[in-house]
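Work through the exercises below with the sequence and the model side by side, trying each task before reading its solution.

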Amino acid sequence: KFHAVLVVNSAHLASMASPDNERWLPIFWALDSFKSSQEADQREGDWTMDAVDEARVPPAHLAHEAFVDAMVKWDPEAADVAVAALARTAPAHRVFELFARYGARDFRDIGHKAIYVSNSWRTLECIGWQHAEPILRSLAYALLNHQGEPNPSESDLKPDRPWRENEKLVGEFRADWTTGKADPEATREMLGVLRTESASTACAQTVAFLNRGVSPDSLYDAFLASSGELLMRQPGIVALHAMTSTNALRYAFKTCADESTRRHLLLQNAAFVPLFRDAMGGRGKVGDNPIDALEPAEAGGSPDEILATVGRDNHEASRKVLAYLDAGGDPKPLIDGARRLIFLKGTNAHDYKFSAAVLEDFHTLDPAWRNRYLAASVFNLRGSGDKDNALVARTREALGA
């Protein structure tokens, strides 16, 4: 249910970017999704978060230490009261730094933990810190979920190994690692690493590139391009989350100030992309569609023509997108049209989260990769030929009434 609630931020972003006459569609969708989530919760047992155990809430000067200790021990009860103290007394940016660190700690729930952290923060920036306590308490529970496995602090479990390995690598960064230069060739080399090598190798290569003077932005170009390539190779839930979790991790990386946390976030993202790649193996055929080998169509056509191809022939649609953008086509009408189709045709939270992440990341990528990344996204966008979702008619009827 936490997953359903936190998509509200994506719906808000979509609403802010939509035409005036359709601005209410994402908001009504978020409202409908939230109420559906409540009904499902009632059917499944109506779980309710308990009131804070006020007697155990630590004093303000001990809240940070108490929270870290609880997270290290994977102790949800201790974390809950520590979070309450932090929400009431600590500066917001310090709380985010803590949660960003633990949201990237383990590869469980296919990247949702990092997504939860970044979307929670964005939501709180919009609605105000006065609403932080229940959101942060729920978030702490989500980050401590280990899916029925033994306590990770007392075990050597696969989802936790990258973090433990990276604890050693964070000390190997050169002192001025954030001041590297953009290097398109390093992006291409890193893309090759992510395509074939292990998570451990990807992390080691990340440090090697940084110490060679490569900008972290060039490595993030590789993380995003590789995630887009995974979607081209196997459209579906795993590759989708490779893209949305990379968006969340990069947001946290850009927002955090703590040196150690930023190093961890970068390395964890380097590890997660190969882990997503490997996770696709048990979900059917994985194609061979290198993103850097995608050839543009002979003619891209207009944005409307391109979006009419989406859903009918996604490979051809991706080639049309690339041709349109490479020829100097304005990305705005294409992006606006794709966003509008999410309102009209989208059926689940992933449609909103995915489109918000991709359309944001398009503008952060180096121009050498930007067009290919948006071209890859069509494998999970909606086309104009898709059926309208039922909520559209209900929303329009309500607004008309």
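**Exercise 1. Find how far apart Glu-316 and Arg-319 are in helix α16, and which contact their side chains make.**

Step 1: Glu-316 and Arg-319 are three residues apart in helix α16 (residues 314-326), so about one helical turn separates them; helices here are DSSP runs of H or I with at least four residues, numbered from the N terminus. An α-helix has 3.6 residues a turn, so residues three or four places apart point the same way.

Step 2: The two side chains, Glu-316 and Arg-319, meet in a salt bridge with an N to O distance of 2.9 Å, a salt bridge being a side-chain nitrogen of Lys or Arg within 4 Å of a carboxyl oxygen of Asp or Glu.

Step 3: Glu-316 is partly exposed at 24% relative accessible area, and Arg-319 is partly exposed at 21%. Buried means under 20% relative accessible area, exposed over 50%, and partly exposed in between, with a 1.4 Å probe and protein chains only.

A note on the source: this is a predicted model, in which local features need pLDDT of at least 70 and side-chain atom pairs count only at pLDDT 80 or more, while totals for chains, interfaces and linings use all residues. Residues are numbered from 1 along each chain as its sequence is written, and side-chain values use heavy atoms, with hydrogens and water left out.

**Exercise 2. Locate the partners of the salt bridge between Asp-217 and Arg-250, and decide whether each is buried or partly exposed.**

Step 1: The closest N and O atoms of Asp-217 and Arg-250 are 3.2 Å apart. This pair links distant parts of the chain, since Asp-217 belongs to helix α12 and Arg-250 to helix α13 (residues 237-255), 33 residues apart.

Step 2: Asp-217 is partly exposed, with a relative accessible area of 31%, whereas Arg-250 counts as buried at 7%.

Step 3: For the wider setting, a search of the whole structure finds 26 salt bridges.

**Exercise 3. Identify the buried residues of helix α10, and work out how they are arranged around its axis.**

Step 1: Helix α10 (residues 184-196) has 13 residues and reaches 19 Å from its first C-alpha to its last, close to the expected 18 Å, a span defined as 1.5 Å times one less than the number of residues.

Step 2: The buried residues of α10 are Ala-186, Thr-187, Met-190, Leu-191, Val-193 and Leu-194. Seen down the axis, these buried residues fall within an arc of 160°, so they line one face of α10; the arc is that of the directions from the helix axis to the C-beta atoms.

Step 3: The buried residues of α10 pack against α11 (199-211), α12 (216-233), α14 (259-279) and α19 (367-377), where contact means heavy atoms within 4.5 Å.

**Exercise 4. Compare the settings of Trp-74 and Gln-147, each of which has a positive phi although neither is a glycine.**

Step 1: Most residues other than glycine have a negative phi. Trp-74 has a positive phi of about 55°, and Gln-147 likewise has a positive phi of about 55°.

Step 2: Trp-74 lies in the loop between α4 (60-72) and α5 (76-89), while Gln-147 lies in the loop between α8 (132-143) and α9 (161-169).

Step 3: Trp-74 is buried, with a relative accessible area of 7%, whereas Gln-147 counts as partly exposed at 45% relative accessibility.

Methods: Helix = DSSP H or I, 4+ residues; strand = E, 2+ residues; numbered from the N terminus.
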